[in-house]
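Open the structure in your viewer and keep the sequence panel in sight. This tour tells you what to select, stop by stop.

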Amino acid sequence: MQREIEIKFQVKELRKLGRTLRAAGFRLATPRTHEMNTLYDLPGEILRTRKELLRLRKYGSAWMLTHKSGGKKGRHSSRVELETGISDGAKMDAILRGLGYAPSFRYEKFRAEWTDGKGQVVVDETPIGNFCEIEGKTRWIDGTAKKLGVTPVDYITKNYATLFADWKQATKSPAQEMTFKAVKG
């Protein structure tokens, strides 16, 4: 099984980050693309209690179903990640609901993907701020972070649902989902 190892950090200046990525030898693999994510859970939040995630994602026109489990947090976030492409997101939603799963959280962002051939750096513009994820082997993550001027004290290992919960608490926002419409409303 494939293990996802990553860190996030908050981005203050998107243009500056793009210039820094190019200077560090990265190329833009996927331009800024809209992404909508729906997390699913069983009644009683069984997956959340087990620290698992079941996500249906629409990225541009492509659909992906993902299950994450076995999370470990240290300096980096590390989880087992299983993903597969889906041809029909509406049918997959109906299948999940038919099996007893229900949407538990929705979040959206605009994502651009960068690579140097060894790992991936993604830049996410979310309703609660801009973030960057560095995903790959731990040494590569730390080396890439250093090239980008990011130190381990800047590392974030929380997922977007937790970042949204923290943001809601800090801002006292009534938003129930991390979508541009809900956060602005």
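The stops run from the whole chain to single residues.

**Before you start**

This is a predicted model, in which local features need pLDDT of at least 70 and side-chain atom pairs count only at pLDDT 80 or more, while totals for chains, interfaces and linings use all residues. Residues are numbered from 1 along each chain as its sequence is written, and side-chain values use heavy atoms, with hydrogens and water left out.

**Stop 1: the whole chain**

Show the protein chain as a cartoon. You will find six helices and eight strands. Helices (H or I, at least four residues) and strands (E, at least two) are DSSP runs, numbered from the N terminus. Trace the chain along the sequence, and the pattern reads β-α-β-α-β-β-β-α-β-β-β-α-α-α.

Now zoom out. The C-alpha atoms fill a box of roughly 50 × 40 × 35 Å along the principal axes. The radius of gyration is 17 Å, which agrees with the value near 16 Å for a compact globule of 185 residues. That radius is taken over C-alpha atoms, and the globule rule is 2.2 Å times the number of residues to the power 0.38.

Switch on the surface. The chain exposes about 10,500 Å², and carbon and sulfur atoms supply 53% of that area. Accessible areas come from the Shrake-Rupley method with a 1.4 Å probe; for residues, only the protein chains shown count as cover.

Of the 185 residues, 44% are buried. Buried means under 20% relative accessible area, exposed means over 50%, and partly exposed lies in between (1.4 Å probe, protein chains only).

Next, look at contacts (heavy atoms within 4.5 Å). Among contacts with a separation of 6 or more, 62% join residues 24 or more positions apart.

Colour by charge to finish this stop. There are 35 positive and 22 negative side chains, and the centres of the two sets lie 3 Å apart. Lys and Arg count as positive and Asp and Glu as negative; His and the chain ends are not counted. Each charge is placed at NZ of Lys, CZ of Arg, CG of Asp or CD of Glu.

**Stop 2: helix H1**

Select residues 14-23. Which residues of helix H1 are buried? They are Leu17, Gly18 and Leu21. These cover an arc of only 100° around the axis, which puts them on the same side of H1. The arc is that of the directions from the helix axis to the C-beta atoms. An α-helix has 3.6 residues a turn, so residues three or four places apart point the same way.

Add the strands against which the buried residues of H1 pack: E1 (3-11), E6 (102-115), E7 (120-126) and E8 (129-135). Then turn to the face away from the buried side. Arg15, Arg19, Arg22 and Ala23 are exposed there.

Stay with alanine 23, which has 71% relative accessibility. Draw a distance from its C-alpha to that of glycine 100: the two are 48 Å apart, with their positions 77 residues apart along the chain. Past the helix comes glycine 25, with a positive phi near 95°.

**Stop 3: glutamate 6**

Move to strand E1 and pick glutamate 6. Is glutamate 6 buried or exposed? Glutamate 6 is buried, with a relative accessible area of 3%. Leaving out residues up to four places away in sequence, glutamate 6 touches His76, Ser77, Arg79, Glu133, Ile134, Glu135 and Ile141.

**Stop 4: helix H3**

Select residues 89-98. The buried residues of helix H3 are Gly89, Met92, Asp93 and Leu96. Their arc is only 105° around the axis, which puts them on the same side of H3. That buried set packs against strands E2 (27-41), E3 (53-59), E4 (62-73) and E5 (77-86). On the other side of H3, Ala90, Lys91 and Gly98 are exposed.

**Stop 5: two loops**

Go to the loop between helix H2 (46-49) and E3, and select lysine 51. Lysine 51 has a positive phi of about 60°, although it is not a glycine. Lysine 51 is exposed, at 67% relative accessible area.

Glutamate 52 lies in the loop between H2 and E3. Glutamate 52 is partly exposed, at 22% relative accessibility. Outside residues up to four places away in sequence, glutamate 52 touches Leu47, His67, Lys68 and Ser69.

For the last selection, take lysine 172, in the loop between helix H5 (160-171) and helix H6 (180-184). Lysine 172 has a positive phi of about 60° although it is not a glycine, and lysine 172 is exposed, with a relative accessible area of 67%.
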